Amino acid sequence: MGNMDICDSNRLSGLSLATLLSGLSVGMVLHSSVAMALDWRFSPSLSASEIFSDNLALSENNKKSGFVTEISPGISLYGNSPWSNFNLNYRMQGLYNAGGRDAIDVNHQLNMNSLYQAVRNTLFLETASSISQQNISNSFVTTDNISGNGGRTEVKTFSISPYWTPRFGQFATGLAKVGYSKSSFENLNGSAVTPQLSSLVSDSDTITRQARLSSGSYFNRINWGLNYSSQEQSRVVGQDVRFEQYQGNARYYINNKFNFFGQAGFENNDFQTSANSISNGFFYTVGGQWTPSKWYSLEVGIGNNKHATLQFNPSENLSSTITYRNKDVGLNTGDSWDANFNYRAKQATIAFNYSQETTTQQQLFAEQGFFLRDASGSLTQVVNTQDLIAQGFLTPGPNDPVTGRSSLIRGPNFNNTQLVFNPFDLVNDVIIRKRGNLSFSYQSGKSSYTASVFNERRTYEVRSGEDMSYGVTGSWQWQFASRMDLYLRPSWQHTDGELTSNSRYDVALGVSRGIPINLGRPLLMDTRLEFRHINQISDSSQFNGYVENRATANFNVRF
């Protein structure tokens, strides 16, 4: 955004599209509020910060110190019932002198999702929308709008998916779902076109289709299913992408401990590739499952697509699954692994997840992974969904009738934390993504501790080379007095990219104080003073490293 450019028509049109979808969702859910008894909560908020940085431009040789002023009003609208839910969080981040440019910037930040039942347990409408600012590449591991000149893009996404879940008596249940999603990307603050931007991710429109027919209770010993799924992504720049699969499966139960299964189908995928790595055609798997007790099971399947899955769930507090696959047909061919481990005790949680998938950057944005951003706009901690639930930022909501998974709604500690998605890198390519994450949290008296270790590797169907990032983050929070907390948040991350490799050290030390006030009704107000040191080391002559020291004084109130 240029100087005083707060009414840019392109940005407002993107905001209008997202706002229109959000408004449509509000109207539909409000219409159902009487019948479904939604519990509505509306919370305006205001955040004000004065930030001093000794390196606003993030330069190694031409450091420029100065103050950045932030005024950020926001709103939260939340509605929930046993059958529907709506969650909207919006913040308008106003900045003066960001990056040392002596200009006024306005950044819109939105996260909205809803699930509306037009006909209970039969007809649904799912919507989502987001606006955020992201890095253009991983040459600078910067994650806020305060420092740096350009190097960011504004990302807008929205999606809408109606679906029908018919029931055919005791014989079968079905699903018919059609979805549309749009992702758009816009450079901010006059970013110059560099070699990094030549492969910038393209705006896209995506149509998804899903159909399923599954056996009902009439079938005792035999379960069967017919499935179809497709995703067609049309890009403004670059070749379109199609993922499509037809599949049928059946499982016969000999007794409670043994069953046999078979599945077969056809893959029909299409995307640009430099190594002719698309493997379409007929696939099949046959095998069996052994369940000697309710605590664990082992399943093995052979064919041109093979797999082995071990489940070990010895208690309600501990669950684990590990799957090995070797596929000749479809996406993620060759050897691959998926694993998860979750343990929850009274004071501690441990979670490990590893997965491999073939995806696109546009698809990752549409899925809206969760990252924590504090009231100043700084990304303070990279966490997964289990971390957010464990820390009280999110809580399980109604089950999604399609996936069976619980939806996520804001929890008691949500406060003014904003949930946004931060990508590894922006590329207009099909990505083979392998990610592992181990997280830990512990609560002891007045102290709480969290730690997370991650590793992610990405290979590309067109672009040469491999990108890799790994790191560790941690936090310690100590309530040393009534309504007063001291916190320490260190992190380290190393990235090996196609153009550069860099390491980033980041440590924040701060104190926050909650102040109860009553202006006709109780309000939530807190203040925060934080000192932060960032050191990025780069081995590239084109992209230099930098050191930044920052002090932030923040006032935040939720009405």
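What share of the contacts in the protein with a separation of 6 or more comes from residues 24 or more positions apart? The figure is 57%, where contact means heavy atoms within 4.5 Å. This is a predicted model, in which local features need pLDDT of at least 70 and side-chain atom pairs count only at pLDDT 80 or more, while totals for chains, interfaces and linings use all residues. Residues are numbered from 1 along each chain as its sequence is written, and side-chain values use heavy atoms, with hydrogens and water left out.

**The overall picture**

- The protein has four helices and 30 strands; these are DSSP runs numbered from the N terminus, with helices (H or I) of at least four residues and strands (E) of at least two.
- Of the 559 residues, 49% are buried, and here buried means under 20% relative accessible area, exposed means over 50%, and partly exposed lies in between (1.4 Å probe, protein chains only).
- About 25,500 Å² of the protein is exposed, and carbon and sulfur atoms supply 58% of that. Accessible areas come from the Shrake-Rupley method with a 1.4 Å probe, and for residues only the protein chains shown count as cover.

**Strands E17, E18 and E24**

- E17 (residues 334-344) and E18 (residues 348-360) pair antiparallel over six bridges; two strands pair if DSSP finds at least two bridges between them.
- Getting from E17 to E18 takes a hairpin of three residues.
- If you want a spot to look at in this pairing, Phe 341 sits opposite Phe 352 of E18.
- E18 also runs antiparallel to E24 (residues 430-444), with 13 bridges joining them.
- One of the partnerships here puts Gln 356 across from Lys 434 in E24.
- As background, side chains in a regular strand alternate between the two faces of the sheet.

**Around Asn 326 and Asn 332**

- Asn 326 belongs to strand E16 (residues 318-327), and it counts as buried because its relative accessibility is 19%.
- The side chains of Asn 326 and Asp 335 make a polar contact of 2.5 Å. That term covers a pair of N or O atoms within 3.5 Å; within protein, one must be able to donate a hydrogen and the other to accept it, and residues adjacent in sequence count only if both atoms are side-chain atoms.
- Not counting residues up to four places away in sequence, Asn 326 touches Asn 304, Asn 305, Lys 306, Gly 334 and Asp 335.
- Asn 332 lies in the loop between E16 and E17, and its 19% relative accessibility is why it counts as buried.
- Asn 332 has a positive phi of about 60° although it is not a glycine.

**Another positive phi**

- For context, most residues other than glycine have a negative phi.
- Asn 121 has a phi near 60°, again a positive value in a residue other than glycine.
- You'll find Asn 121 in the loop between strand E4 (104-119) and strand E5 (123-135), and at 43% relative accessibility it is partly exposed.

**Salt bridges**

- The structure holds 20 salt bridges, each a side-chain nitrogen of Lys or Arg within 4 Å of a carboxyl oxygen of Asp or Glu.
- Glu 70 and Arg 91 form one of them, with the closest N and O atoms 3.6 Å apart. This pair links distant parts of the chain, since Glu 70 is in strand E2 (residues 66-80) and Arg 91 is in strand E3 (residues 85-96), 21 residues apart. Both Glu 70 and Arg 91 are buried.
- Lys 156 and Glu 186 meet in another, at 3.3 Å from N to O. Here strand E6 (residues 152-164) supplies Lys 156 and strand E8 (residues 172-187) supplies Glu 186, 30 residues apart. Lys 156 is buried at 8% relative accessible area, and Glu 186 is buried at 19%.
- Glu 244 and Arg 242 come together at 4.0 Å, N to O. Glu 244 is buried at 9% relative accessible area, whereas Arg 242, at 24%, counts as partly exposed.
- Glu 357, Arg 433, Arg 435, Glu 456 and Arg 458 are joined into one network by salt bridges that share partners.

**Leu 524**

- Leu 524 is part of strand E29 (residues 522-538) and is partly exposed, with a relative accessible area of 47%.
- The C-alpha atoms of Leu 524 and Ser 45 are 9.3 Å apart, although the two are separated by 479 residues along the chain.
- Setting aside neighbours within four places in sequence, Leu 524 is in contact with Asn 556, Val 557 and Arg 558.
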